[in-house]
Amino acid sequence: MTRTDDERHMRHALSLAARGLGRTWPNPAVGCVILKGGRVVGRGWTQPGGRPHAEAMALAQAGELARGGTAYVTLEPCSHHGKTPPCSEALIEAGVSRVVVALGDPDPRVNGKGFALLRDAGLSVTSGVLEAEARQQQVGFLSKVTKGRPMLTLKLALSWDGRIATATGESQWITGPQARRRVHAMRANHDAVLVGGGTARVDDPGLTVRGIGVSHQPVRLVMSRRLDLPLSGQLARTAQEVPVWILHGPDVSAELKSAWLGLGAELIEVGVLGGHLDPRAAFEALGAHGLTRVFCEGGGALAASLLSTELVDRVALFTAGLAIGAEGMPGLGALGLERLAAAPRYRLESIEQIGPDALSLWTLPET
């Protein structure tokens, strides 16, 4: 196989892995393609909830045809015993002769051990094929493992003068239906959707994925220090159907806790910093609960606090072709900046037209 052939088949595996984004946490979304005699004999991706793993799915499809074949896997095969046997051992037992991997797994339980098992068993191992693309896809899992918190995408939908609503609070709709449909697709490939308590009280959002033919739903997250959210709102009414997790401070009444627990919500207590929930403590708690990818949809004060604490990894900026003026509500709350050098600076990854609007994607450069 040439490097070009390896890259072509790894792109296939990466496309399969993408199907699991938002569905496999706390496990990574992995893709696997098994090739024999120049044709694909098995393929798989990590299933909802994280099991079965991609390699197990592909090997089950390939059967005996896997013997002597090549497996393309987007992340280093696991080497530890959990609820299922290690994927590295499954590849060995299936008789695969070569394994091509995009990215090593930094999880201490793996971290090179999968490669070592394969090589010790006599398999040929090639790593680093389309590593940059795999790293981009695995950014949430990598963040949870190396930083102890999920990756965060901040979504902003603004007029071109940076406003999210008029002075009276009217905001529906700044962007068009095509942009809103894209937002639902973005929700679907994240583990959870996050808003602040103010947004939950004022907008009464559902935060579900709708209108794109997706059956699974992300966890709905709310950061509310006092847990003072409407008990008759959409989140409360549907907490039994789609998970609702509320991050709150320690100074919450027992009655409110009991009410939300009775509705089916999960409550996560975090510390307070400067009169507000500590964003870093909140995201470390979400990582401890297994989340790898969080999609934040506001509001402005929450967005500013996340930016100022350097928790925002990606920004999805939808810009509409209208101006609201200085009297409108700004898209971001105060950042408390005195010097331009202290402003959070992101790198433009892409920009595209979506209906009458524009979507620009920005990422935080690696430090």
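Mentor: Helices (H or I, at least four residues) and strands (E, at least two) are DSSP runs, numbered from the N terminus. The model is a predicted one, in which local features need pLDDT of at least 70 and side-chain atom pairs count only at pLDDT 80 or more, while totals for chains, interfaces and linings use all residues. Residues are numbered from 1 along each chain as its sequence is written, and side-chain values use heavy atoms, with hydrogens and water left out.

Trainee: Where is L130 placed, and what is its phi?

Mentor: L130 is in the loop between β5 (124-127) and α5. Its phi is near 55°, a positive value in a residue other than glycine. L130 counts as buried because its relative accessibility is 7%; buried means under 20% relative accessible area, exposed over 50%, and partly exposed in between (1.4 Å probe, protein chains only).

Trainee: Which loop holds N111, and what is the phi of N111?

Mentor: N111 belongs to the loop between β4 (98-101) and α4 (113-120). Phi is positive at N111, near 40°, and this residue is other than glycine.

Trainee: Which residues does a cis peptide bond join, with omega about 10°?

Mentor: W25 and P26 are joined in this way, and P26 sits in the loop between α1 (3-17) and β1. A cis peptide bond also joins R51 and P52, with omega about -5°. The loop between β2 and α2 contains P52.

Trainee: Is H53 buried or exposed, and what does H53 touch?

Mentor: H53 lies in that loop between β2 and α2 as well. It counts as buried because its relative accessibility is 18%. Leaving aside residues up to four places away in sequence, H53 touches N27, T46, C78, T84 and C87, where contact means heavy atoms within 4.5 Å.

Trainee: How should one read the faces of a helix, and which residues of α2 are buried?

Mentor: An α-helix has 3.6 residues a turn, so residues three or four places apart point the same way. In helix α2 (residues 54-62), the buried residues are A54, E55, A58, L59 and A62. Seen down the axis of α2, these residues fall within an arc of 125°, so they line one face of the helix; the arc is that of the directions from the helix axis to the C-beta atoms. A60 and Q61, on the other side of α2, are exposed. The cover over the buried residues includes β1 (31-36), β2 (39-45), β3 (70-73) and α3 (87-93). After α2 comes G63, with a positive phi near 60°.

Trainee: How far apart are the end C-alpha atoms of helix α7?

Mentor: The expected span of a helix is 1.5 Å times one less than its number of residues. The 12 residues of α7 (residues 177-188) should therefore span 16 Å, and the end C-alpha atoms are 17 Å apart, which agrees. Buried in α7 are A179, V183, H184, M186, R187 and A188. These residues pack against several strands, including β6 (151-159), β8 (192-196) and β15 (314-320).

Trainee: How is empty space found, and how many cavities of 30 Å³ or more does the search find?

Mentor: Rolling a probe the size of a water molecule over the atoms shows where empty space is left. On a 1 Å grid over the protein atoms alone, a cavity is a set of points where a 1.4 Å probe fits but cannot get out, and a pocket is an open set with protein on both sides within 12 Å along at least five of seven lines; lining residues have an atom within 4 Å of a point. Grid points are joined across faces, edges and corners, and a volume is the space filled by probe spheres set on the points. The search of the whole structure finds two such cavities. The largest cavity holds about 80 Å³ of space. It is lined by 16 residues, and L21, A29, F141, T292 and R293 are the closest to its centre. α6 gives the most to this lining, with three residues.

Trainee: What is the volume of the second largest cavity?

Mentor: The volume of the second largest cavity is about 50 Å³. Among its lining residues are A200, D204, L229 and W260. Helix α9 (residues 234-237) gives the most to that lining, with three residues.

Trainee: Which residues lie nearest the centre of the second largest pocket?

Mentor: They are K147, D313, L364, P365 and E366, out of 29 lining residues. This pocket has a volume of about 800 Å³. The largest share of its lining, five residues, comes from α6. By class, the lining has 12 nonpolar, six polar and 11 charged residues; Ala, Val, Leu, Ile, Met, Phe, Trp, Tyr, Cys and Pro count as nonpolar, Asp, Glu, Lys and Arg as charged, and the others, Gly among them, as polar.
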